[in-house]
Amino acid sequence: MTIPILEVRDLKKYYAASAPFFHRGERPVVRAVDGVSFTIPEGETFGLIGESGCGKTTTVRTLLGLEKVTSGTIRFAGEEVQDADQAGWRRYRSSVQAVFQDPYSSLSPRMRVWEIIAEPLITAGKMSKADIKTRVAELLEVVGLPNDAGERFPHEFSGGQRQRVAIARGLSPQPRLLILDEPVSALDVSIRAQILNLLQALQDKFGLSYLLISHDLDIVAHMCRNIAVMYLGRIVETGTVAQVRDNPQHPYAQALFSAVLPPHPDKIKPRIRLTGPQPSPLNPPSGCRFRTRCPVVQPICAEIEPALEQTRAGSRAACLFAPRASQEEIDR
Amino acid sequence: MGRYILKRLWRALITLIVISMLIFVIARVTGDPIAYLAPEDASEQELAQVRARLGLDKPIYVQYAFYVGDALRGDFGNSLRYNRPAFEMVLQRLPATIQLSLIAFIVSTILGIMMGVLAALRRDTWIDGALRLLAVLGQSAPSFWIGILAIMIFGVHLQWLPTSGRMGPEYLILPSLTLALFSMASVMRLTRSAMLETQTQEYVKFLRAKGVPESQIIFKHMLRNALVPVLAVLGIQLSHLVGGTVIIEIVFNWPGVGRLMVEALLNSDLPLIQAGVMLIAISVVLVNLLVDLSYGLVDPRIRIE
Amino acid sequence: MTDTNAQPVIRVEDLYVSLRRRRDGATIRAVNGVNFSVGRGRTLGIVGESGCGKSTAAMALVRLLPKSAEVRGAIHFDGRDLATESQGALRRIRGRKIAMIFQDPMVALDPLFTVGDQLAEPLREHLDLDGEALHARQVELLQAVGISSPETRLKQYPHQMSGGMLQRIVGAIAIACNPELLIADEPTTALDPTAQAGYLELLERLSETYGLALIVVTHDMGVVSRICHDVMVMYAGQTVEYGPVRAIFDQPRHPYTQALLASIPHAVEPGACLPTIEGQPPDLAALPPGCPFAARCPKVVDRCRTEAPPPVEFAGGQRALCWRADER
Ligand SMILES: Nc1ncnc2c1ncn2[C@@H]1O[C@H](COP(=O)(O)OP(=O)(O)OP(=O)(O)O)[C@@H](O)[C@H]1O
Ligand SMILES: Nc1ncnc2c1ncn2[C@@H]1O[C@H](COP(=O)(O)OP(=O)(O)OP(=O)(O)O)[C@@H](O)[C@H]1O
Ligand SMILES: [Mg+2]
Ligand SMILES: [Mg+2]
């Protein structure tokens with residue numbers, strides 16, 4: 001067995017919610033990520049999808065060290081990193097880069113585009129000035145920006161062009177794992193296709209691994225081998241794309257995939273409606289977190305918190321009523 | 001917020017300790033005070049006696065421990081020159097310096113911010129040009145030169161304002177304005193560029209799209225955002241100001257700690273120097289702490305960790 | 001739904017916008033002749049390549065452009081021409097009669113003020129709401145856009161929200177004063193499919209009950225097919241194709257529209273290469289003569305490079321800007 005590039009076990013991230021300054025008693029906490037585990041094999045793309053506000057970006061921020069982990073472990077290429085020493089952490093951070101969903105705030109407005117792209121190279125301090133210049137020119141070409149774009153400032157670009165700058169910067173230190181949090185949601189269809197093709201070409205060429213977060217399930221299905229569906233800080237179903245998309249077992253995953261809009265007015269199907277408000281991560285429902293909006297909820301769901309179990313359809317789902325796989329099916 | 005405050009307090013304490021060490025070490029390695037104190041024809045033996053009396057013959061870390069213990073009790077020893085408690089002497093002069101630098105600080109901050117906002121709103125007009133020219137002058141002209149110029153114009157020529165001493169409020173005007181000029185210029189430039197930067201922000205456009213009145217956009221939203229980077233440097237500005245008082249106090253014959261320090265330096269009056277620098281350092285650290293805390297009030301991203 | 005643009009809410013004629021590039025003072029011709037109208041209860045989708053001037057055109061409608069921008073053409077709204085209206089008069093229209101949802105929700109809100117503060121501003125300004133009534137309306141709006149525990153969320157700052165929440169809050173601010181026209185620039189990019197579906201239904205409901213006219217700028221053909229009646233396809237600042245949504249999907253006339261529809265990943269098998277449009281869009285500071293798409297067009301003929309194509313009209317109100325639009 002080869003060592004996976006990233007292994008996340010039981011990751012939790014709680015925020016202190018804002019409370020009055022002199023607050024007595026227990027402070028309320030936002031359970032943004034509440035026990036998430038997944039594994040990304042080297043050279044593969046792993047998709048993380050789920051409801052807006054379910055903790056995807058928070059997961060990414062903890063992986064990048066932008067937030068302190070509340071508990072759980074992160075293993076990169078077999079090495080535990082969340083408590084690593086400075087050198088270990090620096091090594092890890094240079095092999096993991098991220099591209100975020102907002103192309104405005106992630107780019108410093110005072111830096112020229114080439115400086116933005118070269119920044120990780122300059123801080124690493126391993127390349128000569130001329131080499132950096134050629135590498136930046138290469139990267140601009142790779143993401144489809146004109147050559148003179150390097151001399152401009154981010155605000156002179158449209159939203160989509162800015163996102164290409166962000167991708168170029170993410171690629172510049174030649175990371176092993178690239179975290180893509182909504183990397184193409186600001187791009188038009190054609191450039192989106194270019195970027196996705198580009199990402200796949202880079203993967204084939206350099207064996208890059210990706211953690212892809214997107215609300216566009218078509219894109220996720222196109223890019224990923226394995227995916228995980230999150231709901232309110234937890235993974236509720238995970239498996240291969242084919243398993244989860246074509247035959248989702250968890251009622252939330254079913255609702256999610258039924259709401260995907262096809263790109264033609266004639267193909268729109270009725271969706272599974274979720275009733276009731278989205279519960280808050282401040283005090284998640286007892287038992288199954290989805291029970292307050294679940295179309296097939298039973299009284300028992302309030303009492304037992306379901307764990308991820310192998311289903312007959314092949315995926316693993318956290319629902320008491322998903323058809324379980326028998327022992328021999330699991331062995332197979 | 002509680003943790004933020006604790007962190008700042010801790011940092012302030014560390015800063016003070018480091019400063020006290022620096023003051024102590026620097027004072028000990030620059031010149032031998034005995035040479036000034038003892039009569040010129042004193043014998044080696046007599047010199048050793050004086051050293052022993054002042055504790056200058058002990059190992060340096062012992063001297064430091066004594067020094068800290070005494071300092072905590074407000075005892076920096078007697079001034080070698082005047083033979084009076086150094087702490088008391090400095091304390092006597094401190095109000096004058098605090099008055100001068102505090103007024104200069106307030107004036108430079110308020111005027112600097114107002115001028116910065118004005119320059120940004122009137123970008124590329126003659127007002128902007130004039131203000132920026134003023135800023136360049138304020139930052140590049142040495143303050144003693146400005147001080148002397150001010151004395152010549154307002155004191156000697158126009159005879160509007162007194163130029164020497166500290167007898168009433170009108171005596172404050174020239175020295176505090178002269179002192180304020182430099183940091184006013186930097187606050188203004190920073191405010192101007194921060195305001196210009198917020199102008200291009202999406203949320204400002206979105207506020208316009210909501211139909212919020214322009215005055216509210218400028219003074220409620222843009223100004224508060226522009227203040228974030230400005231507040232960050234106010235602490236540094238204050239240190240500049242306090243450093244600047246030395247020259248201003250000499251030029252305007254202002255009876256403050258700065259002038260006392262210069263005298264003390266010329267005399268190698270160690271206890272006096274130590275007491276003076278320490279007290280100034282404490283006040284600077286305290287004001288810095290206040291600035292840091294106000295930073296947390298303005299920016300929720302710092303307040304809520 | 002059939003009594004189309006009897007009395008359009010907004011009618012835009014020959015809109016041109018040029019921007020000044022600060023770096024070299026060059027003139028960017030971001031919008032070059034855009035025509036459309038949106039009636040009560042109707043929804044227009046604007047699609048097109050990144051950087052083709054969609055957001056600029058949207059901003060131009062309420063004149064929220066940099067000072068150096070030049071706007072030509074007519075923007076008929078509410079019996080006046082917004083292109084010539086004073087900024088003071090526009091301020092009273094903005095947020096009240098014409099509301100906007102900005103493209104990037106992460107930066108649309110002031111980081112130093114709570115969500116509640118920023119939601120209250122238009123309500124105070126335009127509707128004079130205060131106290132209890134204001135609070136009730138704030139809560140109602142957050143609930144309408146599907147945000148749970150609105151009381152807590154109102155007291156939070158933007159950095160404490162997820163991208164999708166911010167986007168819905170920006171939407172809540174936009175619909176706060178029941179506008180007549182809503183210009184939504186990529187309103188659902190940060191929403192998951194279920195939240196997106198709920199949100200689009202809300203917009204549709206507003207449109208059907210209050211006759212809200214809606215302009216949606218988007219890259220998502222799913223959104224277009226779900227809520228739009230008409231589509232405008234832009235390329236290099238021009239309306240290259242315009243028409244009812246079904247016609248555009250079934251019979252795209254302009255080669256750019258055809259290429260655009262072909263590059264959706266939906267139709268392609270996983271992992272395979274997605275079709276793209278080769279080449280780069282033209283520099284808006286130096287537009288070529290003739291058709292701006294000519295350099296990348298698979299159907300290009302000599303004429304395209306020298307002469308600008310005229311609009312060709314088709315049945316059902318579809319029109320395209322192409323020399324070869326009526327060839328099949
Ligand atoms: N700094 C913070 N303080 C308090 N709560 C936070 C903070 N950051 C995020 N949260 C909360 O954590 C939860 C998860 O947010 P997160 O940004 O991870 O969601 P997401 O899955 O990325 O959503 P989206 O798809 O909308 O981007 C939300 O309820 C959010 O309000
Ligand atoms: N303030 C500005 N100064 C100079 N050029 C600008 C400015 N704003 C936008 N542009 C240019 O104008 C053109 C149109 O930009 P616009 O933001 O309208 O594109 P868009 O169609 O909305 O793209 P996207 O889909 O990526 O959001 C782009 O080429 C952009 O580089
Ligand atoms: Mg997110
Ligand atoms: Mg745009």
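Biologist: How do I read a nonpolar patch on the surface, and which residues of chain B form it?

Modeller: A patch gathers residues with over 30% relative accessible area and no salt bridge, joining nonpolar side chains (Val, Leu, Ile, Met, Phe, Trp, Tyr) within 5 Å and like charges within 9 Å. Here Phe144(B), Trp145(B), Ile148(B), Leu149(B), Met152(B), Ile153(B), Leu158(B), Trp160(B) and Ile247(B) make up such a nonpolar patch, and together they have about 890 Å² of accessible area (Shrake-Rupley method, 1.4 Å probe, with only the protein chains shown as cover for residues). This is a predicted model, in which local features need pLDDT of at least 70 and side-chain atom pairs count only at pLDDT 80 or more, while totals for chains, interfaces and linings use all residues; side-chain values use heavy atoms, without hydrogens and water. Residues are numbered from 1 along each chain as its sequence is written, with chains lettered from A and ligands numbered from 1 in the order in which they are written.

Biologist: Which element gives the largest share of the nonpolar patch?

Modeller: Helix α7 (residues 143–157) of chain B does, with 6 residues. Helices (H or I, at least four residues) and strands (E, at least two) are DSSP runs, numbered from the N terminus. Trp160(B) sits in the loop between α7 and α8 (170–199) of chain B. At 61% relative accessibility, Trp160(B) is exposed (over 50%; buried is under 20% and partly exposed in between, with a 1.4 Å probe and protein chains only).

Biologist: And how many helices and strands does chain B have?

Modeller: Chain B has 13 helices and 0 strands. The C-alpha atoms of chain B fill a box of roughly 85 × 55 × 30 Å along the principal axes, and 44% of the 305 residues of chain B are buried.

Biologist: Let's turn to ring pairs. How many aromatic pairs does the structure hold?

Modeller: Over all chains there are 10 aromatic pairs (rings of Phe, Tyr and Trp, the last by its six-membered ring, with centres within 6.5 Å; planes under 30 degrees apart are stacked, over 60 edge-to-face, the rest tilted). One of them joins Phe76(A) and Tyr92(A) edge-to-face, at 5.2 Å centre to centre with 70° between the planes. Phe76(A) belongs to strand β4 (residues 71–76) of chain A and Tyr92(A) to helix α2 (residues 86–95) of chain A, so this pair ties together parts 16 residues apart in sequence. Phe76(A) is buried at 7% relative accessibility, and Tyr92(A) is buried at 3%. Tyr92(A) also pairs with Trp89(A) in a tilted arrangement, 5.1 Å centre to centre and 55° between the planes. Trp89(A) and Tyr92(A) are 3 residues apart in helix α2 of chain A, so about one helical turn separates them. Trp89(A) is partly exposed at 27%. Ring pairs thus link Phe76(A), Trp89(A) and Tyr92(A) into a cluster.

Biologist: Now charges. How many salt bridges are there over all chains?

Modeller: Side chains of opposite charge can pair when their charged atoms come close. The structure holds 35 salt bridges over all chains (a side-chain nitrogen of Lys or Arg within 4 Å of a carboxyl oxygen of Asp or Glu). One of these joins Arg42(C) and Asp230(C), 3.5 Å from N to O. That pair links distant parts of the chain, 188 residues apart: Arg42(C) is in the loop between β2 (27–38) and β3 (43–48) of chain C, and Asp230(C) in strand β9 (residues 230–235) of chain C. Arg42(C) is buried at 11%, as is Asp230(C) at 12%.

Biologist: Where do Arg137(C) and Glu140(C) lie?

Modeller: Both are in helix α4 (residues 131–144) of chain C, 3 residues apart, about one turn of the helix. Their salt bridge has its closest N and O atoms 3.2 Å apart. Arg137(C) is buried at 17%, whereas Glu140(C) is partly exposed at 43%. In chain A, salt bridges link Arg31(A), Asp34(A), Arg234(A), Arg289(A) and Glu305(A) in a network.

Biologist: What are the protein donors of the magnesium ion (ligand 4)?

Modeller: Ser55(C) (OG) and Gln103(C) (OE1) are the donors, 1.9 to 2.3 Å from the magnesium ion. Donors are N, O and S atoms within 2.8 Å of the metal (3.2 Å for Na, K and Ca); water is not among the atoms, so sites may look incomplete. Ser55(C) is in helix α1 (residues 54–61) of chain C and Gln103(C) in the loop between β6 (98–101) and α3 (115–127) of chain C, so the pair ties together parts 48 residues apart in sequence. Ser55(C) is partly exposed at 23%, while Gln103(C) is buried at 16%.
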